[in-house]
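Open the model in your viewer and keep the sequence panel beside it. This tour goes from the whole chain to single residues.

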Amino acid sequence: MGGTMKLSLSLPLASLCKAPNFLNPPTSFLQKHNVNSLRRSTKWNPCNGKRRGIVCGLPLPVDPWAPTIDSQSIASQLFAFSLFPYIGFLYFITKSKTAPNLTLFGFYFLLAFVGATIPAGIYAKVHYGTSLSNVDWLHGGAESLLTLTNLFIVLGLREGLRKIENTQEDETSSAPKSSSEE
């Protein structure tokens with residue numbers, strides 16, 4: 001045990017910057033030496049020669065300062081993943097029955113914004129060869145749905161606050177007066 005502990009502590013810090021094993025798994029136990037020789041070559045080891053800025057050990061090696069990071073693919077993956085928590089939020093806010101109806105409609109209407117943005121982005125990419133944000137008429141149309149969403153949410157919350165104020169006023173005015181006040 002002491003020998004293995006000493007061995008792991010004596011490894012240089014640069015050895016932590018290797019391509020993870022699961023990126024190029026060997027198809028059989030006999031091919032393991034071929035995978036290791038690929039990692040030593042300059043073909044696909046992002047840590048080769050650039051050990052200072054690349055963060056290895058994550059599922060993919062990432063250089064946070066590189067201008068070539070494909071942010072579009074990262075954004076689309078985060079966007080798709082974010083729908084699951086939002087649908088959970090819609091489920092629980094609907095189940096609680098505490099949100100005003102117009103606010104609840106606004107939160108559901110955000111899905112219309114999402115539903116319109118995806119085809120608009122595809123259309124912009126196919127017909128104009130650029131992203132949705134660079135095609136003004138498509139981007140403006142999609143953002144107008146987001147504006148309507150915000151309007152529904154705010155007006156619904158305003159309605160809910162006014163209902164609370166009215167019920168509090170009704171309770172104070174309908175409360176029986178004490179004998180000292182009469």
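The stops below run from the overall fold to helix 4, then to the cores and a surface patch.

**Whole chain.** Bear in mind that this is a predicted model. Colour by secondary structure. There are 5 helices and 0 strands, and the order along the sequence reads α-α-α-α-α. Now show the surface. Its accessible area is about 14300 Å², and carbon and sulfur atoms hold 65% of that. Of the 182 residues, 18% are buried. Among contacts with a separation of 6 or more, 48% link residues 24 or more positions apart.

**Helix 4.** Select residues 101-128. This helix has 28 residues. From first C-alpha to last, helix 4 reaches 39 Å, close to the 40 Å expected at 1.5 Å a residue. Step one place past its end to Gly129, which follows helix 4 and has a positive phi, near 70°.

Stay on helix 4 and show side chains. Which of its residues are buried? They are Thr103, Leu104, Gly106, Phe107, Phe109, Phe113, Val114, Thr117, Ala120 and Ala124.

**Largest core.** Select Tyr86, Leu90, Ile93, Ala99, Leu104, Phe107 and Ile153. These 7 residues form the largest nonpolar core. Helix 3 (71-96) and helix 4 each give at least two of them. Helix 3 has the largest share, 3 residues.

Centre on Ile153. Set aside its neighbours within four places in sequence, and what does Ile153 contact? The partners are Thr103, Gly106 and Phe107. Each of those three is also among the buried residues of helix 4.

**Another core.** Next, pick Ala120, Leu132, Val135 and Leu138. They belong to another core, of 5 residues, which lies apart from the largest one. Ala120 is one of the buried residues of helix 4.

**Surface patch.** Turn the surface back on and select Phe79, Ile118, Ile122 and Val126. Together they make a nonpolar patch of about 370 Å². Helix 4 provides the largest share, 3 residues.

Finish on Ile118, which lies in helix 4. Is Ile118 buried, exposed or partly exposed? Ile118 counts as partly exposed because its relative accessibility is 41%, and that class runs between 20% and 50%. Keep helix 4 selected for a last look: residues from it sit in the largest core, and residues from it also contribute to the patch.

Terms used
Residues are numbered from 1 along each chain as its sequence is written. This is a predicted model: local features need pLDDT of at least 70, side-chain atom pairs count only at pLDDT 80 or more; totals for chains, interfaces and linings use all residues. Side-chain values use heavy atoms; hydrogens and water are left out. Patches are made of residues with over 30% relative accessible area and no salt bridge: like charges are joined within 9 Å, nonpolar side chains (Val, Leu, Ile, Met, Phe, Trp, Tyr) within 5 Å. Accessible areas come from the Shrake-Rupley method with a 1.4 Å probe; for residues, only the protein chains shown count as cover. A salt bridge is a side-chain nitrogen of Lys or Arg within 4 Å of a carboxyl oxygen of Asp or Glu. Helices (H or I, at least four residues) and strands (E, at least two) are DSSP runs, numbered from the N terminus. Buried means under 20% relative accessible area, exposed over 50%, partly exposed in between (1.4 Å probe, protein chains only). A nonpolar core is a set of buried Ala, Val, Leu, Ile, Met, Phe, Trp, Tyr and Cys residues joined through side-chain atoms within 4.5 Å. Contact means heavy atoms within 4.5 Å. The expected span of a helix is 1.5 Å times one less than its number of residues.
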